[in-house]
Amino acid sequence: MKNTTNRKQDALDYHSQGRPGKIEVIPSKPTNSQRDLALAYSPGVAEPCMEIYRTPEDVYKYTAKGNLVAVISNGTAVLGLGNIGPAASKPVMEGKGLLFKIFADIDVFDLEINATTVDEFVNVVKALEPTFGGVNLEDIGAPMCFEIERRLKEEMNIPVMHDDQHGTAIITSAALLNACQLQSKKLEKIKLVVSGAGAAAVSCIKLYLKLGVKKENMLVFDKDGIVNSSRTDLDPIRMEFATSRTDITTLEEAMKGADVFLGLSAADVLSADMVKSMAKNPIVFALANPNPEINYDLAVSVRKDIIMATGRSDFPNQVNNVLGFPYIFRGALDVRATTINEEMKIAAVKAIADLTKLPVPEIVNLAYKAKNFKFGKDYIIPKPMDSRLMSVVSSAVAKAAIESGVARKEITNWDAYHEELQVRLGADDKILRNIASKAKSAPKRVVFAEADNYKILKAAQIVKDEGIATPILLGNVNRIQQIIIDHEIDLDQVEIIDPWQGTEDSEQFANHLYERRKRRGVTLYEARKLVRDRNYYGASMVEFGKADALISGLTKNYKSTLKPSLQVIGTKQGVKKIAGMYMMLTKKGPVFMGDTTVNPDPTAQDLVDITGLIHESIKGFNIMPRVALLSYSNFGGNSGPVPEKMRIATALLKEQFPDMIVDGEMQGNFAMNSELLQGNYPFSTLCGSPANTLIFPNLESGNIAYKLLQELGNVEAVGPILLGLNKPVHVLQMDSSVREIVNMVTIAVVDAQ
């Protein structure tokens, strides 16, 4: 009960804290000057208005229409919540918009409309056609949803798709193709039993029939029993797949000898005995959420030859619509399709199915704690984290639109299109998701030195729940436990240690510190006192293998937090200077900045050593560093001690690290603008792509730069990432947010790995 209450509050806090909701609208053009505003609005805006008036198709050239989708609902069938109305559906629609954005870079306006009849709904949506490039219908009750979609597709000239129907149909169709291949079954011969006759089930059936499944081999059940042609309560849509057979009336009878079961109904309607009665090598798609028609473990225990899929992420073969809708709309928008037709849906099905058979990128394996996903019974469809879905599915859909004659724009250079798709997702927090995936693949023990703080404890709960790390908490036990109780934080069975009270390890830790510092004025008595300090004790735990990484610094300044780790752990062999690096998550991708926290005024050789540490760390994130050494001068354009130091450091780096992509000294704008650099200094080794690693001449400039960028640039800062210590220690910014703490713990775990 405690955990459920805590999760409920987490969800409410997530949606309410800061700016309410999950989405915002931001300008895509400069708005900083009077000239900008005159171009954005009056009088400049009149020019694109008149161009569109003369050539209506130019609306795609001068406005956001071509990348804008409406997610529209009347709230009559929201998730598993039922008819809760349009206002209560808004969090779901915002969430759908968020998925469109993070998976396919499609902008969304969510529209919750108070329309309870087909005519009302259709009239509202039709009136909005000039605004949008596409319409995603969502959570509309059946049978209303069928007629709404049919009419809108017929009467509008932009792509319209009801994802609850077609998304599920497309993903399960891909899964069915692959499952049948693995089980040596032919679509035209399989005996199919369907439990459920709602919007998703109807769409699945229609698409399966187009792929080759025979109507005479199919039996469908709804809440009132078998869908039979003798029934008088069925609408025309369901009558299309009604059976005329009278010898079968129950699901139990239908399951005997069945090859495939598709469940889009309710939990536990399928028994173990029914699964046992199926044909050899059965296929079961039990997609009711949150609890499937039959428990996964039960099904696979009674049939070793089964292939099973569910709607849940904690079992193999999750049927998740996010594998389809973002990329289907992406492809449709990119060729300005007038509709999403059957050819485009089938192209998406085959693209998803074919992608499953290709070698899986390591980052996907890491995301799901798997050693090696491989096409087989437990991997019949791709995972949502597979970044290849964007290019593979979107391209297939775009090609199908062109070939079927519904595209108003042709793509001729497909290689360039694939590259454009990859660039679309180069920003945001994708790198953090990848790092988190790597952390989850082998969680480590992380000691939190300041555990008598709500934010630290909340972060500890999150990394524990997410499988990123095993927390160890340092501080007054009673105080920590009281904070946990007061805030209902779920940290049961987490180790809590109070160094001030002394432990069985304290004497060993003190002796170690004494041996390291006895010629630096530290007596054994003083060492014993020092290890009662949480930062000394936490560093000692890491040094002696009692923990894998240390997180501290939320309530103390950087220097006082770092000093104990330097004295207890020390630096890596060969490292002369430790350094601090920030990862700045910008819209153009991650940018790494150093040294921002440790070395006040490094020499040229110090900068070489620091750059080497930063270079090695960035490569650990599977990113190739492109390093710029910054100054107020470009390539000898100005004299002075700072440009001279950066010129010498650049020369030394090229000599000592011949494989490093590095250049300098240069100004920041030239480092980040490859066209500017190419136009003025075409000899630079950084021409072609901008730098992603910035080395500053001193701590002052680096620290000012990252803090200004963080405050003014709508950029998330991850760090400081401490480099050069012999074991993983990371020092937080004072007063970091819970999210920032979680990010740092994730970095620490990857560091420890």
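This passage goes through the cysteines and the salt bridges of a predicted model.

Cysteines first. A search of the whole structure turns up 0 disulfides. Two cysteines can be placed by how much of their surface is open. Cysteine 49 is partly exposed, at a relative accessible area of 45%. Cysteine 687 has a relative accessible area of 18% and counts as buried, because the cut-off for that class is under 20%.

Now for the charged pairs. The count of salt bridges comes to 39. One of them joins lysine 90 to aspartate 110, with 2.7 Å between the closest N and O atoms. The lysine sits in helix H5, which covers residues 86-104, while the aspartate belongs to strand S2, residues 107-112. The two partners are 20 residues apart in sequence, so this salt bridge ties a helix to a strand. As for their surroundings, lysine 90 is partly exposed, with 32% relative accessible area, whereas aspartate 110 is buried at 9%.

Another pair is found inside a single helix. Arginine 330 forms a salt bridge with aspartate 334, and here the closest N and O atoms are 2.8 Å apart. Both residues are part of helix H14, residues 325-334. Their spacing of 4 residues puts about one helical turn between them. Neither end of this bridge is open to the outside by the accessibility criterion: arginine 330 is buried, with a relative accessibility of 1%, and aspartate 334 is buried as well, at 9%.

The pair of aspartate 247 and arginine 245 has its closest N and O atoms 2.9 Å apart. Aspartate 247 is exposed, its relative accessible area being 51%; that value puts aspartate 247 in the exposed class because the class starts over 50%. Its partner, arginine 245, is partly exposed at 37%.

Salt bridges also link up into a network. Asp222, Lys223, Asp224, Arg231 and Asp233 are connected in this way. The acidic members of the network are Asp222, Asp224 and Asp233, and the basic ones are Lys223 and Arg231.

Taken together, the pairs described here come with various degrees of exposure. Arginine 330 is buried and so is aspartate 334. Lysine 90 is partly exposed while aspartate 110 is buried, and aspartate 247 is exposed beside a partly exposed arginine 245.

Methods: Residues numbered from 1 in each chain as written. Predicted model: local features only at pLDDT ≥ 70, side-chain atom pairs only at ≥ 80, totals over all residues. Heavy atoms only, no water. Disulfide = S-S within 2.5 Å. Buried < 20%, exposed > 50% of the residue type's maximum accessible area, 1.4 Å probe, protein only. Salt bridge = Lys/Arg side-chain N within 4 Å of Asp/Glu carboxyl O. Helix = DSSP H or I, 4+ residues; strand = E, 2+ residues; numbered from the N terminus.
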